[in-house]
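User: I am new to this structure and would like to learn how to read its features one at a time. Could you take me through them with care?

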Amino acid sequence: MVSFKSLLVAALATAAYAAPTCQVNNVPVPPKTGGAKELEDPAANLILKKIALGYGIQNYTCADNVAGTEAKATGAVAVLYDVTNFYPGTAKTGLPQKIWDNLPETVLRFAPYPLNRLSGSTYGADPITAFPKAKDISLPAGGPTIIKFLGHHYFDINSIPMFDLNSIGLKASVVKKEGVDAPKDAYKGTLGTGAVAWLHLIDSGKGLSQGLSVVYRVITAGGVARACSIAGKGVQSVPYTTYYYFY
Ligand SMILES: *[C@@H]1O[C@H](CO)[C@@H](O)[C@H](O)[C@H]1NC(C)=O
């Protein structure tokens with residue numbers, strides 16, 4: 001079996017040769033899906049603060065196990081890792097475009113589940129202490145050796161999505177502004193259900209954000225619910241990864 005480590009060794013070995021050594025004005029921009037409708041570009045006055053790789057679960061509830069019952073999205077829990085310096089074209093640390101584009105899939109397929117597991121479940125997170133102690137994702141030597149812990153994503157007590165970049169003191173409490181389908185060839189996840197939509201999120205207006213006002217979710221992998229007829233009645237948690245661009 002191809003291990004996470006060996007894939008990354010290969011990726012990073014390539015990176016050393018393929019990364020452009022000099023690039024001016026390499027301001028990262030959220031990518032496009034290539035679909036009929038795209039997310040709006042970030043406003044010109046916004047400043048990119050961080051790019052995170054999020055790894056966790058999307059939660060759904062099925063009111064019933066009858067075919068055709070819609071799984072309702074109810075929340076998400078994820079650990080955020082800092083990938084800002086791996087953005088293609090970044091001097092010295094930038095990854096080749098293809099490796100960057102595939103990193104959410106690579107992490108979802110090969111990196112260990114990042115949450116404290118709900119005992120007895122495969123993908124469920126512990127409801128009391130979902131987050132283990134802050135921990136980086138380890139990469140092999142020969143390039144950047146780690147993807148550093150950045151913070152947490154969860155839904156607050158009012159079910160409002162929160163991004164708490166607690167390692168650098170930034171927060172985003174957000175609501176959805178718009179969403180578009182992930183590209184057809186996006187990685188469908190470990191359950192094969194599909195990649196969740198790409199989103200443009202904006203400040204919730206609750207006064208809970210700190211230093212952030214806009215978030216883009218792009219290059220999603222996995223996270224789509226299983227059919228209620230298969231998952232059964234109640235809560236289901238589906239693993240996913242994605243990039244979050246924070247402004
Ligand atoms: C998501 O589901 C897990 C169980 O897998 C639960 O522990 C967690 O509290 C839920 N969180 C949200 C925001 O729905």
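User: Which residue in S4 is the bridge partner of Ile 137?

Analyst: A bridge partner is the residue that faces another across two paired strands, and in this predicted model the residue in S4 that partners Ile 137 is Ile 147. The pairing to which we can then turn is that of strand S3, residues 137–138, with S4, which runs in the antiparallel sense over two bridges.

User: Over how many bridges do S2 and S4 pair, and in which sense?

Analyst: To read a pairing, one looks for the bridges and for the sense in which the strands run. Here S2 and strand S4, which spans residues 146–155, pair over five bridges in the antiparallel sense, and within S4 it is His 153 that stands opposite Ala 78.

User: Which residue in S5 does His 153 stand opposite?

Analyst: A strand can be followed from one partner to the next by keeping an eye on a single residue. His 153, which stands opposite Ala 78, also stands opposite Phe 163 in S5, and the pairing of S4 with strand S5 (residues 161–165) is antiparallel, with four bridges. Phe 163 in turn stands opposite Ala 172 in S6, where strand S6, residues 170–180, is joined to S5 by four bridges and runs antiparallel to S5.

User: How many residues lie between the strands of each hairpin, and which residue in the turn has a positive phi?

Analyst: For a hairpin, one reads the stretch between the two strands and then the backbone angles in the turn. S4 and S5 form a hairpin with five residues between them, and Ser 159 in that turn has a positive phi of about 60 degrees. S5 and S6 form a hairpin with four residues between them, where the turn residue Gly 169 has a positive phi of about 70 degrees.

User: What joins S6 to S7?

Analyst: The reading is done in the manner already shown. Six bridges join S6 to strand S7, residues 198–203, and the two run antiparallel; Val 175 is the residue that stands opposite Ile 202 in S7.

User: Where does the ligand sit, and which strand gives the most to the shell around the ligand?

Analyst: One begins with the site and then asks which elements supply its surroundings. The ligand sits in the largest pocket, and S2 gives the most to the shell, with four residues. Strand S1 (50–62) and strand S2 (72–82) each supply at least two residues of that shell, which divides into six nonpolar, five polar and one charged. Residues around the ligand include Ile 57, Asp 126, Phe 155 and Ser 237.

User: How far from an oxygen atom of the ligand is the polar side-chain atom of Asn 59?

Analyst: Here one reads distances between polar atoms, noting whether the protein atom belongs to a side chain or to the backbone. A polar side-chain atom of Asn 59 lies 2.4 Å from an oxygen atom of the ligand, while a polar backbone atom of Ala 125 is 2.6 Å from a ligand oxygen atom and a polar backbone atom of Pro 127 is 3.2 Å from a ligand oxygen atom. As for cover, the protein takes up 76% of the 360 Å² of accessible area that the ligand has on its own.

How values were computed: Residues numbered from 1 in each chain as written. Predicted model: local features only at pLDDT ≥ 70, side-chain atom pairs only at ≥ 80, totals over all residues. Heavy atoms only, no water. Near = heavy atom within 4 Å. Polar contact = N/O pair within 3.5 Å; in protein donor to acceptor, adjacent residues only side chain to side chain. Areas by Shrake-Rupley, 256 points an atom, 1.4 Å probe, with all protein chains shown as cover. 1 Å grid on protein atoms, 1.4 Å probe; cavity = no way out; pocket = protein on both sides within 12 Å on 5 of 7 lines; lining within 4 Å. Sits in = over half its atoms within 2 Å of the grid points. Nonpolar A, V, L, I, M, F, W, Y, C, P; charged D, E, K, R; others polar. Pairing = 2+ DSSP bridges.
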